[in-house]
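Reader: I've got a model open and I'd like to learn how to read it at the bench. Could you walk me through it, one feature at a time?

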Amino acid sequence: MLDEQAKKTMLRKIPHALYICGVKDGEEVNGFTASWVMQASFAPPLVVNCVKADSTSHAMIKASGVFALSVLEDGQKDLAQNFFKPLRRVGNKFEDIEFYPGPETGCPIIKDTLGYVECNVISAVEHGDHTVFVGEVIGAGIHREGDALLLSTTGWNYGG
């Protein structure tokens, strides 16, 4: 029998950085704070991005087949918080955020971050309440040096 509290405690010990995942579908853009992200292969360069299945961004990724990850810097908790809000409740999350379209995908990339990767979705596993999108990295850029913002340093829990 699964010990629910032990499961929750142990799964929350898996370290996660925080990213803003920029998505687009046609002219429409959106973004959300992502934490279930990891590198999955060197050749070809692959990343895994797990996205809540009932979200606006999920539908946009499925429709367009692309996404971008802007890597947040330690201390950018407020920026991460801005992108936790559902689009349907708050409208344009990018209204006060300086961003530019990724050169490879056109997905929004936040200028005030450590850098980014752009990905073409090459596979998806749709089980549970999140879809595992496997993206091939087709573009990348560095904005500045620094340490990534970790979920554990924010005091938030997303997992378990």
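Author: Sure. Start with the words for exposure: a residue is buried under 20% relative accessible area, exposed over 50%, and partly exposed in between. Keep in mind that this is a predicted model.

Reader: Let's try those words out. Is Phe99 buried, partly exposed or exposed?

Author: Phe99 has 33% relative accessibility, so it counts as partly exposed. Phe94, on the other hand, sits at 3%, which means that it is buried.

Reader: Both are aromatic. How do I describe a pair of rings?

Author: You give two things, the distance of the centres and the angle of the planes. Here the count comes to four aromatic pairs. One of them is Phe94 with Phe99, with centres 4.7 Å apart and 50° between the planes, so the pair is called tilted, because that label covers angles that are neither under 30 degrees nor over 60.

Reader: Which residues form a cluster with Phe94 and Phe99?

Author: Phe83 joins them, and the three make one aromatic cluster.

Reader: On to the strands. In what order do they line up in the sheet?

Author: Read across it and you get E2-E1-E5-E8-E9-E4-E3, seven strands in an open sheet with antiparallel pairing. E2 and E3 are the edges, each pairing on one side only. Neighbours in this sheet are turned by 35° against each other on average, if you ignore direction.

Reader: And what packs on that sheet?

Author: Helix H2 does, touching E1, E2, E4, E5, E8 and E9. The direction of H2 makes about 55° with that of E1.

Reader: Can we go through the strand pairs? How many bridges join E8 to E9?

Author: There are 12, and the two strands run antiparallel. To find your place, look for Ala124, whose bridge partner in E9 is Phe133. The hairpin of E8 and E9 has two residues between the strands, and Gly128 in that hairpin takes a positive phi near 75°.

Reader: What about E8 and E5?

Author: Six bridges join those antiparallel strands. Val66 stands opposite Asn120 in E8, and Phe67 has Cys119 as its bridge partner in E8.

Reader: And how many bridges link the edge strand E3 to E4?

Author: Four, again antiparallel, with Ser41 opposite Leu46 in E4. A hairpin of four residues connects E3 to E4. Pro44 has its place in the loop between E3 and E4, and the peptide bond from Ala43 to Pro44 is cis, with omega near 0°.

Reader: Back to the helix. How do I work out which way a helix faces?

Author: An α-helix has 3.6 residues a turn, so residues three or four places apart point the same way. In H2, residues 56-64, the buried ones are Ser57, His58, Met60 and Ile61. They lie on the same side of H2 because they cover an arc of only 165° around the axis.

Reader: What covers that side, and what comes after the helix?

Author: The cover over the buried residues of H2 includes E1, E2, E4, E5, E8 and E9. After H2 comes Gly65, with a positive phi near 75°.

Reader: Now the inside of the protein. What's the general idea?

Author: In soluble globular proteins, nonpolar side chains tend to be buried together. The largest nonpolar core here has 16 residues, and Cys21, Val23, Ile61, Phe67 and Leu69 touch the most other members. E1, E2, E4, H2, E5 and E9 each supply at least two residues of this core, and E1 gives the most, with three. Another core lies apart from it, with 12 residues, including Leu72, Ala80, Ile110 and Leu149.

Reader: What does Leu69 touch?

Author: Leaving out residues up to four places away in sequence, its contacts include Tyr19, Ile20, Cys21, Val37 and Val47. Asn49 is on that list too.

Reader: So where is Asn49, and is that residue buried or exposed?

Author: Asn49 lies in E4. Its relative accessible area is 0%, so Asn49 is buried. With the sequence neighbours up to four places away left out, the residues that Asn49 touches include Cys21, Phe32, Trp36, Phe67, Leu69 and Phe133.

Technical notes
Residues numbered from 1 in each chain as written. Predicted model: local features only at pLDDT ≥ 70, side-chain atom pairs only at ≥ 80, totals over all residues. Heavy atoms only, no water. Phe/Tyr/Trp six-rings, centres within 6.5 Å; stacked < 30°, edge-to-face > 60°. Buried < 20%, exposed > 50% of the residue type's maximum accessible area, 1.4 Å probe, protein only. Arc of directions from axis to C-beta. Contact = heavy atoms within 4.5 Å. Pairing = 2+ DSSP bridges. Core = buried A, V, L, I, M, F, W, Y, C linked by side-chain atoms within 4.5 Å. Axes fitted to C-alpha atoms, helices over the stretch in contact; angles between N-to-C directions.
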